[in-house]
Amino acid sequence: MVGEGRQRIDKWLFFSRAVKSRSLAARVVVAGRVRINRDKAAQASDLIKAGDVLTITLEGRILVWKVLGPGTRRGPAEEARLLYEDMSPPPAAKGEAVSDAIPALRDAGSGRPTKRERRQTDRLLGED
């Protein structure tokens, strides 16, 4: 049935304390918010093993965890941290601009047309 050292993704997410309940873990997986080694997890019954890399999207955060082993129970947080290695990038500070972002440049007055300009456009197109 279940391979040696393998575990269902929903159980593992629950044991690792990524989510609060197993049913919530199943919903997260089915919604497509979990990737196992860059492939979307299709079902809550998908199996993971030690060495797999999970990418989990939760509440605007992206977690990248390397699975170190299967869990046996939902224990304290210290026990849950032994199930994974956190490889997530550090979060950007609030208010800090992304360095790769190109600032939006626009000529003055080139935004949305005014009501007068809109009427002129309608007359030009014959949509009076």
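This text walks through a predicted model, beginning with its sheet and moving on to aromatic pairs and backbone angles.

The sheet is a convenient place to begin. Five strands form an open sheet in the order β3-β2-β5-β6-β7, and their pairing is antiparallel. At its edges lie β3 and β7, each of which pairs on one side only. Strand β6, covering residues 61-67, is joined to β7 by 3 bridges, and the two strands run antiparallel. Within this pairing V67 stands opposite Y84 in β7, and Y84 is a residue to keep in view, as it returns in the account of the aromatic rings that follows.

Searching the whole structure for aromatic pairs gives 4 of them. One of these pairs is formed by W12 and Y84, whose rings meet edge-to-face, with 6.4 Å from centre to centre and 70° between the planes; the pair counts as edge-to-face because the angle between its planes is over 60 degrees. This pair links distant parts of the chain, since W12 belongs to helix α1 (residues 9-15) and Y84 to strand β7 (residues 84-86), with their positions 72 residues apart in numbering. Both partners, W12 and Y84, are buried. A further aromatic pair is that of F14 and F15, which is tilted, its ring centres being 6.0 Å apart and its planes at 40° to each other. Of these two phenylalanines, F15 has a relative accessible area of 11% and is therefore buried, the cut-off for that term being under 20%. Taken beyond single pairs, the ring contacts also link W12, W65 and Y84 into a cluster.

The backbone deserves attention at two loop residues. R17, although it is not a glycine, has a positive phi of about 65°, and R17 is located in the loop between α1 and α2 (22-30). With a relative accessibility of 38%, R17 counts as partly exposed, because that class takes in values between the 20% limit for buried and the 50% limit for exposed. N37 likewise is a residue other than glycine with a positive phi, here near 50°, and N37 sits in the loop between β2 (34-36) and β3 (39-40). The relative accessibility of N37 is 36%, so N37 too counts as partly exposed. The second of these loops leads the reader back to the sheet, where β3 and β2 stand next to each other in the strand order and β3 is an edge strand.

Note on methods
Residues are numbered from 1 along each chain as its sequence is written. This is a predicted model: local features need pLDDT of at least 70, side-chain atom pairs count only at pLDDT 80 or more; totals for chains, interfaces and linings use all residues. Side-chain values use heavy atoms; hydrogens and water are left out. Rings of Phe, Tyr and Trp (its six-membered ring) pair if their centres lie within 6.5 Å; planes under 30 degrees apart count as stacked, over 60 as edge-to-face and the rest as tilted. Helices (H or I, at least four residues) and strands (E, at least two) are DSSP runs, numbered from the N terminus. Buried means under 20% relative accessible area, exposed over 50%, partly exposed in between (1.4 Å probe, protein chains only). Two strands pair if DSSP finds at least two bridges between them.
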